[in-house]
There are 2 protein chains.
Amino acid sequence: MFRGTSAITLDSKSRITIPTKYRDELVSDCQGKMVCTVDIQHPCLLLYPLPEWEEIELKLCNLSSMNPQERLLQQVLLGNASDCEMDKSGRLLINGPLRNHASLEKSVMLVGQLKKFEIWSESAWQAQMQQGISKIQSGEIELTERLLDLSL
Amino acid sequence: MFRGTSAITLDSKSRITIPTKYRDELVSDCQGKMVCTVDIQHPCLLLYPLPEWEEIELKLCNLSSMNPQERLLQQVLLGNASDCEMDKSGRLLINGPLRNHASLEKSVMLVGQLKKFEIWSESAWQAQMQQGISKIQSGEIELTERLLDLSL
DNA sequence: ACAAATGTGGGAAAAAGTGGGGAAATGTGG
DNA sequence: CCACATTTCCCCACTTTTTCCCACATTTGT
């Protein structure tokens with residue numbers, strides 16, 4: 001399970017270094033093999049250990065290609081999915097289209113979200129956090145039953 | 001179970017010393033491994049022994065990432081969650097974003113709240129206590145059934 | 001008032017992150 | 001099918017951050 005945000009850099013060769021605290025877990029989960037694709041709600045990327053991604057692929061596979069919305073989801077998610085394997089120094093290569101979708105420049109945030117990571121440009125992440133907290137505090141959040149069950 | 005408020009200092013390396021009275025319990029609960037994240041209602045931090053945090057993580061894991069509100073909560077809580085392990089002198093490192101969320105400067109309050117701690121800047125804590133007590137005394141508090149059941 | 005325990009600060013060693021040269025692999029065009 | 005260009009990978013050197021450790025200050029208890 002991944003958690004926490006790490007500030008990392010996208011270097012001139014378009015690589016990011018995975019923080020060491022995650023590497024052991026990634027090697028045992030998936031020998032460093034991951035899949036990166038675009039997020040459909042935010043300008044960020046999603047990075048899954050291969051086994052996790054395969055479950056998602058199964059679900060996508062069961063969508064109907066006759067339904068335009070479901071087909072679109074398949075196209076976007078699968079079309080952008082890119083195999084990423086950690087190299088021997090724990091780095092991943094991010095390809096052009098993905099980099100572009102998330103507007104990644106030098107400063108990047110790697111955000112642990114349990115079974116996956118999100119990859120954000122630093123500025124977009126900070127904006128997301130700021131507006132997120134103010135939305136929650138101003139009560140713009142509808143408390144669903146599931147949320148009420150959360151006691152922090 | 002933790003209770004009471006301790007005045008502690010955030011030193012120049014952004015560390016706080018856990019008062020010794022809590023250390024034994026923390027070592028036996030979680031070998032000093034804790035998780036710190038932001039509070040979503042107040043400018044303070046929440047510090048959980050790892051096993052306690054993992055229960056919350058399980059609940060967060062069951063939220064739907066397709067629902068924007070539930071996803072936002074995951075992002076805020078998990079994204080800010082930071083593993084904190086006590087070093088050999090019983091100190092914890094507080095990272096920049098967290099320090100910032102709670103506006104922590106030198107004087108910090110560590111507030112025991114049973115299964116977790118809250119971490120406040122001294123001034124924010126005092127303001128919270130003052131206005132909290134006056135709110136209660138002036139009857140601005142809605143007495144829910146659960147509250148009526150409290151006999152002090 | 002003194003001794004013991006706790007809290008605080010900072011130097012120094014260790015670990016992690018960053019950048020880039022050059023080798024290997026891959027792909028393209030003739 | 002080969003030569004060339006491009007991309008990917010491995011490795012080393014450098015910088016920054018984190019961790020460990022010790023010494024001093026402060027508080028507590030006798």
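Which residues does A:Ile119 touch, not counting residues up to four places away in sequence? In this predicted model, the partners of A:Ile119 are A:Cys44, A:Leu45, A:Leu47, A:Ala102, A:Val108 and A:Leu110.

That neighbourhood leads us straight into the protein interior. The largest nonpolar core has 64 residues. A:Ile119 is among those with the most contacts inside this core, together with A:Cys36, A:Leu45, B:Cys36, B:Leu45 and B:Ile119. The element that gives the most to the core is α3(B), with five residues. As a general background, nonpolar side chains tend to be buried together in soluble globular proteins.

Next, let us turn to where the two chains meet. Chain A and chain B bring 23 residues each to the contact. On the side of chain B that touches chain A, at least two residues come from each of α2 (50-61), α3 (68-80) and β5 (82-85) of chain B. Here α3(B) has the largest share, eleven residues.

Finally, there is DNA strand C, which 16 residues surround. The closest are A:Pro19, A:Thr20, B:Thr9, B:Asp11 and B:Pro19. β1 (2-9) of chain A and β1 (2-9) of chain B each supply at least two residues of the surface near this strand.

The residue classes of the two surfaces can be set out side by side:

| Surface | Nonpolar | Polar | Charged |
|---|---|---|---|
| Side of chain B that touches chain A | twelve residues | seven residues | four residues |
| Surface near DNA strand C | four residues | nine residues | three residues |

Terms used
Residues are numbered from 1 along each chain as its sequence is written. Chains are lettered from A and ligands numbered from 1 in the order in which they are written. This is a predicted model: local features need pLDDT of at least 70, side-chain atom pairs count only at pLDDT 80 or more; totals for chains, interfaces and linings use all residues. A residue is near a molecule or strand if its C-beta atom, placed from the backbone, lies within 6 Å of it. Helices (H or I, at least four residues) and strands (E, at least two) are DSSP runs, numbered from the N terminus. Ala, Val, Leu, Ile, Met, Phe, Trp, Tyr, Cys and Pro count as nonpolar, Asp, Glu, Lys and Arg as charged, and the others, Gly among them, as polar. Two residues are in contact if their C-beta atoms, placed from the backbone, lie within 7 Å. A nonpolar core is a set of buried Ala, Val, Leu, Ile, Met, Phe, Trp, Tyr and Cys residues joined through C-beta atoms within 7 Å. A residue is buried if 20 or more other C-beta atoms lie within 10 Å of its own, exposed if 12 or fewer, and partly exposed in between; C-beta atoms are placed from the backbone.
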